[in-house]
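Reader: I'd like to learn how to read a few features off a model, one at a time. Could you walk me through some?

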Amino acid sequence: MSELELNGLEVSFGGIRALRGIALDLEQGEIVSLIGPNGAGKTTVLNAICRMVEASRGSISYRGQDITRVRPHLIARLGIARTFQNIHLLTGATVLENLMTARHTQTPMNPLAALVFSHRAKQAELRNRESVEEILAFLGLQRFRRQAAGELPYGIQKVVELARALCLEPKMLLLDEPAAGLDTEEVADMALWIQDINRRRGATILMIEHNMNLVARVSDRVVVLDQGRILTQGTPESVQASPDVARAYLGMS
Ligand code: ATP
């Protein structure tokens, strides 16, 4: 069984056909990169999987379950988490508060239990705190835990954004341009985090990325989108050597 399966997926915005029949299978444990020129439909693929946009045709299944029409808030509970290209952190809150907030969306506390802060609620809160501390340590973020997220350097905010997604304990992680705005050294670090998350935490990863260094370094497979369709797919080397891919990128410039 595939981890994630897109079947004839179509998404339209008014007259714009952003996705025109995408068929894509991800195996468990794979790292797949989505590349393609601006406007090719990459972000729309992630948005459709997270139910932030409606599919007008086709289906999406996750671990054998049809999720094409599930309510959006259930996506995270099923084990799918994502990061955003324009970082989605609570900028005035500390790193710790950002991560605890993410944990609470995963394990919402019964309001009545929270009111009396029963033994069970306390235990749940302790587990949340332990899990957050483990993620802070895993991504080397401990020393930033008390700082406001919005005051951190951009490169650190990208790692906090990754930590926020990990708080949902994802089995499937969707990354929207994790290397955007990072310098060469930070991109190298990001590549290591992504590989570690995949190998040590067992997450299947679907990533949009323009930085071909990162793509070539971590991807098992690269899928090229162009004008809402899959143009080609293969290993990073075969895709980089493809004349069709070069033509698609040139066509946009
Ligand atoms: P980029 O690399 O620039 O982020 P992309 O490959 O992620 O591009 P999408 O953002 O998925 O492309 O956009 C695909 C097409 O759908 C584009 O023509 C875009 O203008 C359009 N589109 C995306 N989201 C919306 C929306 N919410 N409303 C209207 N049109 C949209």
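Author: We'll go through a helix, a cavity, an aromatic pair and one contact along the chain. Keep in mind that this is a predicted model.

Reader: Let's start with helix 6. How many residues does helix 6 have, and how far does it reach?

Author: Helix 6 covers residues 154-166, which makes 13 residues. From its first C-alpha to its last it reaches 19 Å, close to the 18 Å expected at 1.5 Å a residue.

Reader: And is helix 6 largely enclosed or open?

Author: Here you count buried residues, meaning those under 20% relative accessible area. In helix 6, 11 of the 13 residues are buried, so the helix is largely enclosed by the rest of the structure. Among the buried ones are G155, Q157, V159 and V160, along with the charged-looking letters you might pause at: K158, E161 and R164.

Reader: Next, empty space. How do I find it, and how many cavities of 30 Å³ or more are there?

Author: The general idea goes like this: roll a probe the size of a water molecule over the atoms, and you see where empty space is left. In this model the count comes to one cavity of 30 Å³ or more. The volume of the largest cavity is about 60 Å³.

Reader: Which residues line the largest cavity?

Author: Its lining is made up of T83, F84, K158, E161, L162, L175, D176, E177, P178 and M190. Two elements give two or more residues to that lining, helix 6 and strand 7 (172-176). Helix 6 gives the most, with three residues.

Reader: What's the breakdown of that lining by class?

Author: Five residues are nonpolar, one is polar and four are charged.

Reader: Now aromatics. How do I read a pair, and how many aromatic pairs does the count come to?

Author: A pair of aromatic rings is described by two things, the distance of the centres and the angle of the planes. The count here comes to one aromatic pair. The rings of F138 and W193 have centres 6.4 Å apart and planes at 50 degrees, so the pair is tilted. The pair links distant parts of the chain: F138 sits in helix 5 (residues 119-138) and W193 in helix 7 (residues 184-200), 55 residues apart.

Reader: Is F138 buried or exposed?

Author: F138 has 11% relative accessibility, so it counts as buried. R201 also lies over the face of F138, at 4.5 Å from the ring centre.

Reader: Last one: where is E97, and what is its C-alpha distance to R145?

Author: E97 is in helix 3 (residues 95-106). At 42% relative accessibility, E97 counts as partly exposed. E97 and R145 are 48 residues apart along the chain, and their C-alpha atoms are separated by 8.4 Å.

Methods
Residues numbered from 1 in each chain as written. Predicted model: local features only at pLDDT ≥ 70, side-chain atom pairs only at ≥ 80, totals over all residues. Heavy atoms only, no water. Helix = DSSP H or I, 4+ residues; strand = E, 2+ residues; numbered from the N terminus. Expected span 1.5 Å × (residues − 1). Buried < 20%, exposed > 50% of the residue type's maximum accessible area, 1.4 Å probe, protein only. 1 Å grid on protein atoms, 1.4 Å probe; cavity = no way out; pocket = protein on both sides within 12 Å on 5 of 7 lines; lining within 4 Å. Points joined across faces, edges and corners; volume = space filled by probe spheres on them. Nonpolar A, V, L, I, M, F, W, Y, C, P; charged D, E, K, R; others polar. Phe/Tyr/Trp six-rings, centres within 6.5 Å; stacked < 30°, edge-to-face > 60°. Lys NZ or Arg CZ within 6 Å of the ring centre and 35° of its normal.
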